[in-house]
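Visitor: Got a minute to walk me through this one? I'd like to start with the open spaces, then look at a few strands and side chains.

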Amino acid sequence: MQDVRKIARERMKGFCKVCKECDGRACSGEVPGMGALGTGASFRSNIEALADYKLRMRTIHDVSEPDTRSTVLGYDLSIPVFAAPIGGVSFNMGGKISEEEYITSKLKACDANGIVGCTGDGVPPFISEAGFGAIKAVNGKGIPFIKPWEGAEFFEKIEKAAETGCTTFGIDIDAIGLITLAKMGRPVAPRGVERLKALIEKIPGQVLLKGIMTPEDAQAAVEAGAAGIVVSNHGGRVLDHTPGTAHVLADIAEAVNGELAVLVDGGVRTGADILKMIALGADAVMIGRPFSVATVGGLEEGASKYIQQLTGELKSAMVLTGCESIDDANFNIITDVLGQ
């Protein structure tokens with residue numbers, strides 16, 4: 001991974017510094033780019049929130065070969081991870097590789113290693129078009145995310161997404177605050193429960209809503225008929241000064257009480273981070289920026305190496321916390337900064 005990161009640093013120069021610790025401090029306010037909005041506080045909050053939880057090490061047990069597999073939204077996963085929908089290589093990542101190379105490499109790596117990749121959406125049509133092509137290349141095993149556009153555009157893209165053979169459709173409802181879209185004259189709009197329900201009923205598959213940060217919105221997602229949610233502040237790119245996702249996750253998971261799948265993103269970098277999020281109530285995590293760095297730096301091989309690294313780290317963390325399976329990861333394996 002060191003070589004992959006070195007190449008990524010060269011290719012992403014001026015857009016991402018590929019810091020040793022990806023914590024948002026060096027890229028505050030760099031939007032477009034890989035940074036966060038304004039002061040970058042929301043990005044940093046994600047990192048800090050995860051750091052507030054510690055793993056309780058256990059060494060007297062019989063777990064030597066933990067089972068990292070899980071099934072989420074009907075997908076059988078080798079580890080409970082989805083590659084988050086990040087696109088826009090030309091204006092976010094330096095443009096040294098094409099959008100098609102980037103997203104196809106990422107999804108192929110995910111498919112080859114037993115997880116699922118997601119694709120993004122944006123104003124330039126090549127972002128979603130490249131994503132649809134990538135999902136077709138992995139025989140529909142991908143999740144296209146469509147922004148909540150007003151008018152005919154939303155369902156035109158849903159129709160194209162359906163042609164890929166996918167079974168799940170994502171809507172990143174947190175995109176209503178993206179300044180990049182507003183600057184391009186293409187703002188997106190929020191929707192209340194009834195409008196969202198009517199929207200979901202017309203989509204030919206299960207729907208995943210990304211951008212949930214409160215129990216109230218999580219319960220609204222259940223009411224609207226979503227199959228799953230992603231607890232997310234959009235990587236700190238839409239609203240400054242939000243809490244970190246790890247701090248709100250447990251309350252949200254408790255509020256939905258298993259009525260839909262709960263995914264979470266924000267600051268997840270390692271296998272230990274994955275295990276913490278599962279223990280806090282997530283069914284799976286989404287990982288964004290590290291996947292982009294790995295893919296830009298090494299295309300399919302780079303993304304595969306990162307997945308393999310995560311798998312090794314997760315197994316190690318499970319052994320050292322006494323977790324024989326993913327289902328064993330719960331509040332008993334973590335403590336907060338106060339040791340509670």
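Guide: Sure. A pocket here is an open set of grid points with protein on both sides within 12 Å along at least five of seven lines. Note that this is a predicted model.

Visitor: Fine. What volume does the largest pocket have?

Guide: About 630 Å³. The lining of the largest pocket counts 33 residues, and Arg5, Lys20, Glu21, Cys22 and Arg269 are the closest to the centre.

Visitor: Which helices supply at least two residues of that lining?

Guide: Helix H2 (41-51), helix H11 (271-279) and helix H12 (289-319). H12 gives the most, with six residues.

Visitor: How does the lining of the largest pocket split by class?

Guide: It has 17 nonpolar, 11 charged and five polar residues.

Visitor: And the second largest pocket, how much space lies in there?

Guide: About 520 Å³. Its lining is made of 26 residues. Nearest the centre are Ile173, Asp174, Ile176, Gly211 and Asp217.

Visitor: What about classes in the lining of the second largest pocket?

Guide: There are 17 nonpolar residues, six polar and three charged.

Visitor: Which elements supply at least two residues of the lining there?

Guide: Helix H8 (193-201), strand S8 (206-212) and helix H9 (215-224).

Visitor: Let's stay with S8. How many of its seven residues are buried?

Guide: Six of the seven, so S8 is mostly covered, with buried meaning under 20% relative accessible area.

Visitor: How many bridges join S7 to S8?

Guide: Five, and the two strands run parallel. S7 covers residues 168-172. One pairing to look up is Asp172, whose bridge partner in S8 is Lys210.

Visitor: And where does Lys210 find its bridge partner in S9?

Guide: At Val230. S9 spans residues 228-231, and four bridges join S8 to S9, again in parallel.

Visitor: What unit do S8, H9 and S9 make?

Guide: A right-handed β-α-β unit.

Visitor: New topic: enclosed space. How many cavities of 30 Å³ or more does the structure hold?

Guide: One. The volume of the largest cavity is about 580 Å³. Its lining has 40 residues, with Pro85, Ile86, Gly87, His234 and Arg237 the closest to the centre.

Visitor: Which elements give two or more residues to the lining of the largest cavity?

Guide: H2, helix H3 (89-92), helix H7 (179-183), strand S11 (284-287) and H12. H2 and H12 also supply lining residues to the largest pocket.

Visitor: And the class split for the lining of the largest cavity?

Guide: By class there are 18 nonpolar, 14 polar and eight charged residues.

Visitor: Back to H12, then. Thr311 lies in that helix. Why is Thr311 classed as buried?

Guide: Because its relative accessible area is 19%, and the cut-off for buried is under 20%.

Visitor: What does the side chain of Thr311 reach?

Guide: The backbone oxygen of Ile307, at 2.9 Å.

Visitor: One more residue. Where does Asp23 lie?

Guide: In the loop between helix H1 (2-11) and H2.

Visitor: Buried or exposed, that Asp23?

Guide: Asp23 counts as buried, because its relative accessibility is 14%.

Visitor: Which backbone nitrogen lies 3.1 Å from a polar atom of the Asp23 side chain?

Guide: That of Arg25.

Technical notes
Residues numbered from 1 in each chain as written. Predicted model: local features only at pLDDT ≥ 70, side-chain atom pairs only at ≥ 80, totals over all residues. Heavy atoms only, no water. 1 Å grid on protein atoms, 1.4 Å probe; cavity = no way out; pocket = protein on both sides within 12 Å on 5 of 7 lines; lining within 4 Å. Points joined across faces, edges and corners; volume = space filled by probe spheres on them. Nonpolar A, V, L, I, M, F, W, Y, C, P; charged D, E, K, R; others polar. Buried < 20%, exposed > 50% of the residue type's maximum accessible area, 1.4 Å probe, protein only. Pairing = 2+ DSSP bridges. Right-handed = clockwise from strand over helix to strand, strands pointing away. Polar contact = N/O pair within 3.5 Å; in protein donor to acceptor, adjacent residues only side chain to side chain.
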